[in-house]
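Dear colleague,

I am handing over the structure below, and my notes on what was found in it follow directly after. Please read them with the coordinates open beside you.

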Amino acid sequence: RRLDEAIAQLEGIPLPFSDLERAILPARVRDFDPRLLDERGAMGRLVWVGCGALGERDGRIALYRRERAGLLIGAPARPDDLGPIHRAMLEHLERRGASFFAELLHATAPAGERETLDALWDLAWAGRVTNDTFAPLRALAHRAEKRRPGKASGTAFVAGRWSLVAQLAAPGIDATRRAHAQALVLLDRWGVVARDALAHESVAGGFSAVYPVLRAMEESGKIRRGLFVDGLGSAQFAFAGAVDQLRAARERRDAPEAILLAAADPANAYGAMLPWPTPRQPNAGQPRRSAGARVVLVDGELALYLDRSARQLLSFEAAGEGESLAIAAGALRGVLADRRRRALRIERIDGAPALESPLRHAFEAAGFRADYKGLALDRFGAEAASSRETQR
């Protein structure tokens, strides 16, 4: 049930698939298992739509509950610059419906397996076709650096049935109904909806498309309009419950609370609704909402930023000093919750070698140890540090 709630809150927003499985959903669902996504896809309860490739191994996708997909997904326009393999594939899917890769390969003959597979992924990342399983997306992360010419890289890349995204769009739904459905999703996801909230959304027409619906909901008393968050402009809309939660968040806890998130997670407002704060060492680099990057928030404020290589770290004033900083550093142990990562080694902090950083002692207090390259943490050290904190 918790996974279904998380999917509903993330519905329709383009997210790196690698972050979605390794960080975004695990942050919301205890003991998350990627097979749960496959089960929902196989049962026809969940669909994904590609929103652009991120190199050869990853890409952004948007999740949709199948019963809501017709309201939220519009029919994609057919581009004029499609190649013959792409056209043959789309024509086959229009004529025959959901198909296995072997059928698509037959439809694109005499094209080879590699050419057909590459064309299929072109269409998938363009949001034209999708699959009823997540196995092909997952297989991309394990793609070998060098592929044999003319040979596909295993059956996982082509597992499941491929179908047209256009067939998910419900015909006869007017723009107002779509905008109303989209507005409800945005309110549930962001709490406070403003123009800046749509910077990383894939809403056709942007804020202007949903603004009339939000205004009508405010006039009917269903939501509130006000200046809830500084810096977001005057057009801010929220449910009354979200406003109450914002007010309650002003109360400080006795001990700081640190949370590890993917930088691209919607729960991280920095770089989306809010600007990135200035790092302690401004010349050490700037954070980005890159796939693979992580942030640590302390009581909701940005404290640490770990880049996608997991080797370079930036700190911010919210990290504090002493115990507060050690708590923020301790949150990085969550990076090792991804079983595919055996260890974490930070080589540079705020642009300087990690072993020379004045923050070194706080990281060592959080379980990191010095080695020849920087400050390292393995799974055993992370578990031992967590155990010591629990005993306190």
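I begin with a detail of one acidic side chain: that of aspartate 307 reaches the backbone nitrogen of arginine 311 at 3.4 Å. Please bear in mind throughout that this is a predicted model. Aspartate 307 sits in the loop between β11 (301-306) and β12, and its side chain also makes a polar contact with the side chain of serine 309, at 2.8 Å. Does this aspartate count as buried or exposed, and how far away is the nearest side chain of opposite charge? Aspartate 307 is buried yet has no salt bridge, and the nearest side chain of opposite charge, that of arginine 311, is 7.1 Å away. When neighbours within four places in sequence are left aside, the residues in contact with aspartate 307 are Gly292, Ala293 and Gln312.

Salt bridges do occur elsewhere, and a search of the whole structure finds 17 of them. One of these joins aspartate 4 to arginine 40, with the closest N and O atoms 2.8 Å apart; this pair links distant parts of the chain, since aspartate 4 belongs to helix α1 (residues 2-10) and arginine 40 to helix α3 (residues 35-42), 36 residues apart. Aspartate 4 is partly exposed, with a relative accessible area of 28%, whereas arginine 40 is buried, with a relative accessible area of 11%.

A further salt bridge is formed where the side chains of arginine 28 and aspartate 265 meet, at 2.7 Å from N to O. This pair, too, links distant parts of the chain, with arginine 28 in the loop between α2 and α3 and aspartate 265 in the loop between β9 (258-262) and β10 (294-298), 237 residues apart. Both arginine 28 and aspartate 265 are buried.

In the salt bridge between glutamate 321 and arginine 280, the closest N and O atoms are 3.4 Å apart. Glutamate 321 lies in the loop between β12 (312-315) and α12 (322-331), while arginine 280 lies in the loop between β9 and β10, 41 residues apart. With a relative accessibility of 56%, glutamate 321 counts as exposed, but arginine 280 is buried, with a relative accessible area of 17%. Finally on this topic, Arg1, Arg2 and Glu5 are linked in a network of salt bridges.

The loop between β9 and β10 also holds glycine 285, which counts as partly exposed at 28% relative accessibility. Not counting residues up to four places away in sequence, glycine 285 touches Pro279 and Leu314. Glycine 285 and glutamate 356 are 71 residues apart in sequence and 18 Å apart in space, C-alpha to C-alpha.

Turning to the nonpolar interior, the largest nonpolar core has 60 residues, of which Leu20, Trp48, Ile61, Trp121, Val129, Phe134 and Leu214 touch the most other members. Helix α7 (residues 113-125) gives the most to this core, with seven residues. Apart from it lies another core, of 27 residues, which includes Leu325, Leu332, Leu336 and Leu375.

Leucine 20 touches Leu10, Leu15, Leu25, Pro26, Ile61 and Leu63, again not counting residues up to four places away in sequence. Leucine 20 is also one of the buried residues of α2, together with Phe17, Ser18, Asp19, Glu21, Ala23 and Ile24. Because seven of the eight residues of helix α2 (residues 17-24) are buried, this helix is largely enclosed by the rest of the structure.

As for the strands, β2 (residues 46-54) and β3 (residues 58-65) pair in the antiparallel sense over seven bridges, and the bridge partner of valine 47 in β3 is tyrosine 64. These two strands form a hairpin with three residues between them, and glycine 55 in the turn has a positive phi of about 75 degrees.

Three other strands form an open sheet in the order β13-β17-β16, with antiparallel pairing. Its edge strands are β13 (343-346) and β16 (369-370), each of which pairs on one side only. Between β13 and β17 (residues 375-378) the antiparallel pairing runs over four bridges, and isoleucine 346 has leucine 375 in β17 as its bridge partner. Leu375 is, in addition, among the members of the core of 27 residues.

With best regards

Terms used
Residues are numbered from 1 along each chain as its sequence is written. This is a predicted model: local features need pLDDT of at least 70, side-chain atom pairs count only at pLDDT 80 or more; totals for chains, interfaces and linings use all residues. Side-chain values use heavy atoms; hydrogens and water are left out. Two strands pair if DSSP finds at least two bridges between them. Buried means under 20% relative accessible area, exposed over 50%, partly exposed in between (1.4 Å probe, protein chains only). A salt bridge is a side-chain nitrogen of Lys or Arg within 4 Å of a carboxyl oxygen of Asp or Glu. Lys and Arg count as positive and Asp and Glu as negative; His and the chain ends are not counted. A polar contact is a pair of N or O atoms within 3.5 Å; within protein, one must be able to donate a hydrogen and the other to accept it, and residues adjacent in sequence count only if both atoms are side-chain atoms. Contact means heavy atoms within 4.5 Å. A nonpolar core is a set of buried Ala, Val, Leu, Ile, Met, Phe, Trp, Tyr and Cys residues joined through side-chain atoms within 4.5 Å.
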